[in-house]
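Work through these short exercises with the model open. Try each task before you read its solution.

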Amino acid sequence: MIILSIRTDKPEAEIGLFDDHKKLAYHTWQAHRELAETLHIQIAKNLQSASKDWADIEGIIAYKGPGSFTGLRIGLSVANALAYSFDCPIVATTGDEWIKQGITALKDGESNQIALPEYGSAVNITKPKK
C-alpha cells in the first residue's frame, strides 16, 4: 500500500511516501508563508524520487495538530482533496508516532472519511470591522 504522509502544523512542513512501513521518500522544507504554493510541488518531487505517480497513492496520513491554524487548514485541505479525488482512505493522527499510528490504522482498514484539525485551543473569532 503506497501511503502519503503530510504534516503542516509548523513552519517546517513534512511530506513522506511509504510502501506499508517502508519509507520510500521523506522531505522537510521551510514552507512558512509559502506552504500553499510549495505543498503540491513537494509531493510531486517525493513521488518522482520514488518512481511513483499521483495515481499510485492508496492511503493518506495527515497530522491533525495541535498547531498553526493556517498550516493545518492548508495541509488537511490538500490531504482531504487528494483522498476524495483518488477515492482512498485518509487517517488523521497526532503525537510523536503519528506516522506509525496512521500506517497501522490504514492497514487495519480505518478511514476518517474527512480529516479534521485539532488546533490545541478554542477558536478566537474577532468582531467584524465596519
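**Exercise 1: Strand partners**

Task: Find the bridge partner of Ile60 in strand 5.

Solution: The partner is Ile90. Next, take Ile61: its bridge partner in strand 5 is Val91. Now step back to the whole pair. Strand 4 (residues 59–63) and strand 5 run parallel, joined by 4 bridges. Strands here are DSSP runs of E with at least two residues, helices are runs of H or I with at least four, and both are numbered from the N terminus. Two strands pair if DSSP finds at least two bridges between them.

This is a predicted model: local features need pLDDT of at least 70, side-chain atom pairs count only at pLDDT 80 or more, and totals for chains, interfaces and linings use all residues. Residues are numbered from 1 along each chain as its sequence is written, and side-chain values use heavy atoms, leaving out hydrogens and water.

**Exercise 2: The sheet**

Task: State the strand order and name the edge strands.

Solution: The open sheet has 5 strands in the order 3-2-1-4-5, with mixed pairing. Its edges are strand 3 (22–30) and strand 5 (90–93), and each pairs on one side only.

**Exercise 3: Strand 5 side chains**

Task: Sort the residues of strand 5 by the way they point.

Solution: Ile90 and Ala92 point one way. Val91 and Thr93 point the other way. All are buried, that is, under 20% relative accessible area with a 1.4 Å probe, protein chains only.

**Exercise 4: The connection**

Task: Which helix joins strand 4 and strand 5 in a β-α-β unit?

Solution: Helix 2 (residues 69–86) does, and the unit is right-handed. Right-handed means that, with the strands pointing away from the viewer, the path from the first strand over the helix to the second runs clockwise.

How values were computed: Buried means under 20% relative accessible area, exposed over 50%, partly exposed in between (1.4 Å probe, protein chains only).
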